[in-house]
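Please look through the sequence and the structure below, and then read the report that follows, which goes from single residues to whole domains.

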Amino acid sequence: MPSNKSVSDAPIVQFTNCRILRDHQLQREDLWVREGKILNPEKLFFDEKGSADIQLDCKDSIIAPGFIDVQINGGFGVDFSLATDDFKSGIDLVSQKILSHGVTSFCPTLVTSPPSVYHQVLPQITVRNGGAHGAGILGAHLEGPFISKEKKGAHPEHCLRTFEAGAFQDLLATYGFLDCVRIVTLAPEMRRSSEVIRELTKRGICVSLGHSVANLSQAEEAVQHGATFITHLFNAMLPFHHRDPGIVGLLTSDKIPAGRRVFYGMISDGIHTNPAALRIAHRAHPKGLVLVTDAIAGMGLAPGRHTLGQQVVEIDGLNTYIAGTKTLSGSVATMDTCVRHFQEATGCSVETALEAASLHPAQLLGIEHKKGTLNYDSDADFLMLNDNLCVQATYIAGEEVWRQDASGM
């Protein structure tokens, strides 16, 4: 067999004295990384006769896959739903700042906006890998404007739209650009939504159900046409009712096509969802739970007035409201906070809590062969955490991009 150097001249890093989250369990073994990928040490030893160039003592840390946030509206003063001349520098700032919260990939999310905003902002969102510059961008999440007036939540009513005769063409004209779009949230009870769901799914875009008054059969029909996600379960949808559980009923529906899993987002910030509701959802369908922050521009900033697209919001502690109302409008919780709250509220295992922010969102987006796991040959995007699930260091492609108590990079 060839020697180590003939396979690759890149250095091999061995992370020792750690517990790795692999195959749903924390396992006491070393992690081997080369050229941004996780190595199989057996192949390295036996096929390449290779060894580590660098050894790093992890001091008994947990090593887990990097977190993936599929619903984040902004943060640190940046609002993704505002069309600005320096939009790119705003998205760069957020992608850099969320590294300290363990997020290594994300979907910048736009709330319901006028077509002019989509036309200006979407061409400026580029799908890209993460690195020292910040977390990777997986594509945009467009939450609205094809949603229910009754369940609009913090979305501006004057911007809401319905599907007309050429339903998919309406959507194309509204957004103007689908190249960077990864997820679209819509209300499945809207007329002609089925053909839109089919068309989006055909293009590899994930369809999420939310901001909706759909009953269970409408939600099941949407899943049969290709929808795979529920946007912030319990929030902005009909409450569970025993005779018609609505979208919530998808968690235990027997009408889901064979081989398909429905995932659902949860804002585990202690504000949006009562811990008992979090426990009910988790126990009903643990493998579908995806933690999302639904963070707004005010995340990481002092309480006060901030924006969410076309609206002004007020932050009071962890509560965020449309100014002058008691309508909740996104969250200011960070992803690592959501993971810790989820684990505490449900009493689930550390492994389960970590996978809800890594493996499950990767599975939702169909990228679990690259992200969300520490399997051999997957991307070396991972975190070091202590036993309290506080992030100590963040790595992307095997490179340290943030460390606790360091002054940044």
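## A154 and its surroundings

In this predicted model, A154 sits in the loop that runs between strand β11 (140-143) and helix α5 (167-175). Its relative accessible area is 7%, and because this is under 20%, A154 counts as buried. Once its neighbours within four places in sequence are set aside, A154 is in contact with L308, Q311, I322, T327, L328 and S329.

## S329, a contact of A154

S329 belongs to another loop, the one between β19 (319-322) and α9 (335-346). With a relative accessibility of 1%, S329 is also buried. Not counting residues up to four places away in sequence, S329 touches A154, I296, L308, V313, T320, Y321 and I322.

## The annotated binding site

Both residues appear in a database record: the unreviewed UniProt entry carries a "binding site" annotation that covers A154, N235, A236, R243, H272, L328, S329 and G330. These positions are spread over 177 residues of sequence, and they are spread in space as well, with up to 29.7 Å between C-alpha atoms. Among the annotated residues, A154, N235, A236, H272, L328, S329 and G330 are included in the lining of the largest pocket.

## Two domains and the area between them

The chain is divided into domain 1, made of 13-64 + 373-403, and domain 2, which covers 66-365. Their C-alpha centres lie 30 Å apart, and 20 residues of domain 1 are in contact with 22 residues of domain 2.

The size of an interface is often given as the accessible area lost when the parts come together. Between domain 1 and domain 2 the buried area is about 1,600 Å², of which carbon and sulfur atoms give 72%. Of the area that domain 1 buries against domain 2, H24, L389 and I396 supply 33%, which is more than any other three residues. The count of salt bridges between domain 1 and domain 2 is zero.

## I396, a residue of domain 1

I396, one of the three residues just named, lies in strand β21, which spans residues 391-396. I396 has a relative accessible area of 3% and is therefore buried, since the cut-off for this word is under 20%. Leaving aside its neighbours within four places in sequence, I396 is in contact with L99, T104, G130, G131, G134, A135, A380, D381 and V401. I396 and L122 are 274 residues apart along the chain, and their C-alpha atoms are separated by 25 Å.

Key: Residues are numbered from 1 along each chain as its sequence is written. This is a predicted model: local features need pLDDT of at least 70, side-chain atom pairs count only at pLDDT 80 or more; totals for chains, interfaces and linings use all residues. Side-chain values use heavy atoms; hydrogens and water are left out. UniProt positions are given in the numbering used here, feature names are shortened, and annotations may be inferred rather than shown by experiment. On a 1 Å grid over the protein atoms alone, a cavity is a set of points where a 1.4 Å probe fits but cannot get out, and a pocket is an open set with protein on both sides within 12 Å along at least five of seven lines; lining residues have an atom within 4 Å of a point. Helices (H or I, at least four residues) and strands (E, at least two) are DSSP runs, numbered from the N terminus. Buried means under 20% relative accessible area, exposed over 50%, partly exposed in between (1.4 Å probe, protein chains only). Contact means heavy atoms within 4.5 Å. Domain bounds come from an automatic or database domain assignment. Buried area is the accessible area (1.4 Å probe) that two parts lose on being put together, summed over both. A salt bridge is a side-chain nitrogen of Lys or Arg within 4 Å of a carboxyl oxygen of Asp or Glu.
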